[in-house]
Amino acid sequence: MRQWWIFVHKELMELWRTKKLLLIGTLFLVIGILNPLTAKLTPLILEQTLGHAAAQALPKPTSLDAWAQFDKNVTQIGIYLFALIFSQTIQQERQQKQLVPLLVKGLKRNLYILAKFSTLIGCWFLSIGISFGITYGYTSYYFPDNHSPHPILAVIGVFLFGLVLCAMIIFASTLATQSFGGILGVVIMMVLFYVIQFFDQLKAYSPYTLLTKSAELRVGTEQVSTLWAPFLVSFVMMGLLLIFSITILKRSKL
């Protein structure tokens, strides 16, 4: 436990020194502001482009539109920004020989991987928490309706998907030898998730389903129990990716 904390403390200091924590927090804060703002301003933009009569014929935006922006921005922008910022988390330290002084002192490589993973999970939870909190506050202010009765239930899947996402980043960064290798590995795995969504018998078990069920959970047409299957698959996948990462790091030369 002491060795794990040494690595975690090192990661926290690195996040502060490189300003990555500030960067990721700011990016997800902006995403949180844009979600309800986009829904609010869309009618005004359409009125300017299509004319007043055409804009009036369109339905007025509701809280569903703001949360739809949250779902889209997190899955299409937030995930990849997060992965890009942390894609070199292990590969860069190996190239710069930063691990050698620590491991020479007897610190274990498996604890190093687990500390990296723990720090990434903390950053993911913080990022989503910031974006969700800002979106929730502004959506409640601009769209005080009852169309989205369960926003907290809907974000559970997003938090849980972070477990497998962070494991994917760790694995890709451990395997990578080039600076772009980490983000490329994550993109390839995400593409596989997208492909699985085309197969009805498989998509119910895909980790990506944790994200796609958000809208249904928010309005109450789906139960949280539907997340159990993709969560269990995600948990197993997370464990395997971490084991593979530890194995690769133990067999590699630093």
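Author: Before we start, one term: a nonpolar core is a set of buried Ala, Val, Leu, Ile, Met, Phe, Trp, Tyr and Cys residues joined through side-chain atoms within 4.5 Å. And keep in mind that this is a predicted model.

Reader: Ok, so how many residues are in the largest nonpolar core here?

Author: The largest nonpolar core has 55 residues. Those with the most contacts inside it are F82, F86, W124 and F161.

Reader: Which elements give two or more residues to this core?

Author: They are α1, α2, α4 (63-86), α7, α8, α9 (181-196), α11 and α13. The largest share comes from α8, with 14 residues.

Reader: Let's zoom in on W124. What does W124 touch?

Author: Leaving out residues up to four places away in sequence, W124 touches F28, I79, F82, V158, F159, G162, L165 and C166.

Reader: And V186, is that one buried or exposed?

Author: V186 is buried, because its relative accessible area is 1%, and the cut-off for buried is under 20%. V186 is found in helix α9.

Reader: What does V186 touch?

Author: With residues up to four places away in sequence not counted, V186 touches A83, L165, M168, I169 and A172. As for L120, V186 is 66 residues from it in sequence and 14 Å from it in space, C-alpha to C-alpha.

Reader: Switching to α13. How far apart are its end C-alpha atoms?

Author: They are 35 Å apart. Helix α13 covers residues 228-251, so at 1.5 Å a residue its 24 residues should span 34 Å, which agrees.

Reader: Which residues of α13 are buried, and what do they pack against?

Author: The buried ones are P230, F231, S234, M238, L241, L242, S245, I246 and L249. They pack against α5, α7, α8 (151-175) and α11 (209-212).

Reader: New topic: pockets. How much space lies in the second largest pocket?

Author: About 210 Å³. Of the 16 residues that line this pocket, E14, K20, T89, E93 and K116 are the closest to its centre. The elements giving two or more residues to the lining are α1 (2-17), α5 (91-95) and α7 (109-142), and the largest share, four residues, comes from α1.

Reader: What's the lining like by class?

Author: By class, the second largest pocket is lined by three nonpolar, seven polar and six charged residues.

Reader: Last one, K19. Where does K19 sit?

Author: K19 is in the loop between α1 and α2 (20-50). K19 counts as exposed because its relative accessibility is 54%.

Reader: And what about the phi of K19?

Author: The phi of K19 is positive, about 60 degrees, although K19 is not a glycine. Most residues other than glycine have a negative phi.

Notes. Residues are numbered from 1 along each chain as its sequence is written. This is a predicted model: local features need pLDDT of at least 70, side-chain atom pairs count only at pLDDT 80 or more; totals for chains, interfaces and linings use all residues. Side-chain values use heavy atoms; hydrogens and water are left out. On a 1 Å grid over the protein atoms alone, a cavity is a set of points where a 1.4 Å probe fits but cannot get out, and a pocket is an open set with protein on both sides within 12 Å along at least five of seven lines; lining residues have an atom within 4 Å of a point. Grid points are joined across faces, edges and corners, and a volume is the space filled by probe spheres set on the points. Ala, Val, Leu, Ile, Met, Phe, Trp, Tyr, Cys and Pro count as nonpolar, Asp, Glu, Lys and Arg as charged, and the others, Gly among them, as polar. The expected span of a helix is 1.5 Å times one less than its number of residues. Buried means under 20% relative accessible area, exposed over 50%, partly exposed in between (1.4 Å probe, protein chains only). Contact means heavy atoms within 4.5 Å.
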